[in-house]
Amino acid sequence: MNLQEVARRAGVSTATVSRVLNNAALVKSATRTRVTKAIEELKYHPNLHARSLAGGKSRSIGVIVSNIENPFFLDIYKAVEAGAQAAGYELIMANTNYRSEQLVTSVRMMLGRRVAGLAAIVSEMDPKLIAELNGNGIPVVFYDVGEPRENITKIRVNYRRGMEKLIGYLCSLGHRRLGFVGHHSMLGPIDERQKVVLEAADRYPGMQVQTAADSDTLEGGRRATRALLTADPSVTAIACVNDLMAVGALRELRDRGLRVPEDVSVTGFDNVELAQFCYPALTSAHIPRDQIGQIICTALISSDEKTLESEVVIDPQVVLRDSTGPAKPNRS
């Protein structure tokens, strides 16, 4: 069924049908009702791709994430989706599993579909993409990676400051046997958090640090914690790279008969909703996913009146909950 059939059924021009589909104001109420009824009766679905080609402007936004299984990425995606839908845009999503080659493939796929804007909420990067996207002309938002350019907005989280706050708090509770659970340590945003933990050995007298890494999953957090405690059973606090892996750490500690926080304190990072509902509730560093989604929508959809700085820096704030407490003396 095409636009002409709808126009004939409603007794109007195809231009009037288009105005109704685009929710234009210059259509009488009775006419709009007639066109809407014809659309429903004929079960007409507009060809969005054809409309974007004809109008020269796409109504699609591309969103690429590193790990859709991690609630952090999903929360940002949902925030972007809500803003985009409110503005009449649809979303096209891709998942990279932290692989830079998949990021390149996904970006080129998005460009091939003529998206109006592109958000890369990823921890990996291929340097060639910066020049490619800069030359393409569409608005782009990078989260954590890339460099700001004329059409590229970068959102950067001060992971160093957030992790310093968490480690400082653990140290104030007397913890001097510290573990770090992470993943993909070669990626910049992940490595930054691990570096802060390693530097604690020089910053705080008597501090000993042990690290372990696995996949960015619940089971990965569990396995990394198992490796950590095998290497150093005397650890009294574990700082995790994110909340997802921290929940896996809690499971491993519980299976070993260790109490949290009485025997071992645990911290996460991101402060996703899961952090409030796991047991015990997780001390974490809050990253405002809704705010990030709003920044992305403003940069991509309102790019004609760009008011954002080329780089937006977010300072994570620590949220204290039940998973942290004073260090247990002489634990081994």
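Start by selecting Tyr-98, which is buried, with a relative accessible area of 9%. Keep in mind as you look around that this is a predicted model.

Next, add Phe-73 to your selection. Phe-73 is buried too, and its relative accessible area is 4%. Both values count as buried because the cut-off is under 20% relative accessible area.

Now bring Phe-72 into view and look at its ring beside that of Phe-73. The two ring centres are 5.5 Å apart and the planes meet at 75°, so this pair is edge-to-face. Phe-72 and Phe-73 are both buried.

How do the rings of Phe-73 and Tyr-98 sit relative to each other? Their centres lie 6.4 Å apart with the planes at 75°, so they also form an edge-to-face pair. Colour the backbone around them: Phe-73 belongs to helix H5 (residues 71-86), while Tyr-98 is in the loop between strand S2 (90-95) and helix H6 (100-112), so the pair ties together parts that are 25 residues apart in sequence.

To complete this stop, show Tyr-143 as well. Ring pairs join Tyr-143, Phe-72, Phe-73 and Tyr-98 into a cluster. Over the whole structure, a search finds four aromatic pairs.

For the last stop, jump to Arg-193. Which rings does its side chain lie over? One is Tyr-159: Arg-193 lies over its face, at 4.0 Å from the ring centre. Another is Phe-269, where the charged end of Arg-193 sits over the ring, 5.4 Å from its centre. Display Arg-193, Tyr-159 and Phe-269 together to take in both of these contacts.

Methods
Residues are numbered from 1 along each chain as its sequence is written. This is a predicted model: local features need pLDDT of at least 70, side-chain atom pairs count only at pLDDT 80 or more; totals for chains, interfaces and linings use all residues. Side-chain values use heavy atoms; hydrogens and water are left out. Rings of Phe, Tyr and Trp (its six-membered ring) pair if their centres lie within 6.5 Å; planes under 30 degrees apart count as stacked, over 60 as edge-to-face and the rest as tilted. Buried means under 20% relative accessible area, exposed over 50%, partly exposed in between (1.4 Å probe, protein chains only). Helices (H or I, at least four residues) and strands (E, at least two) are DSSP runs, numbered from the N terminus. A charge sits over a ring if NZ of Lys or CZ of Arg is within 6 Å of the ring centre and within 35 degrees of the ring normal.
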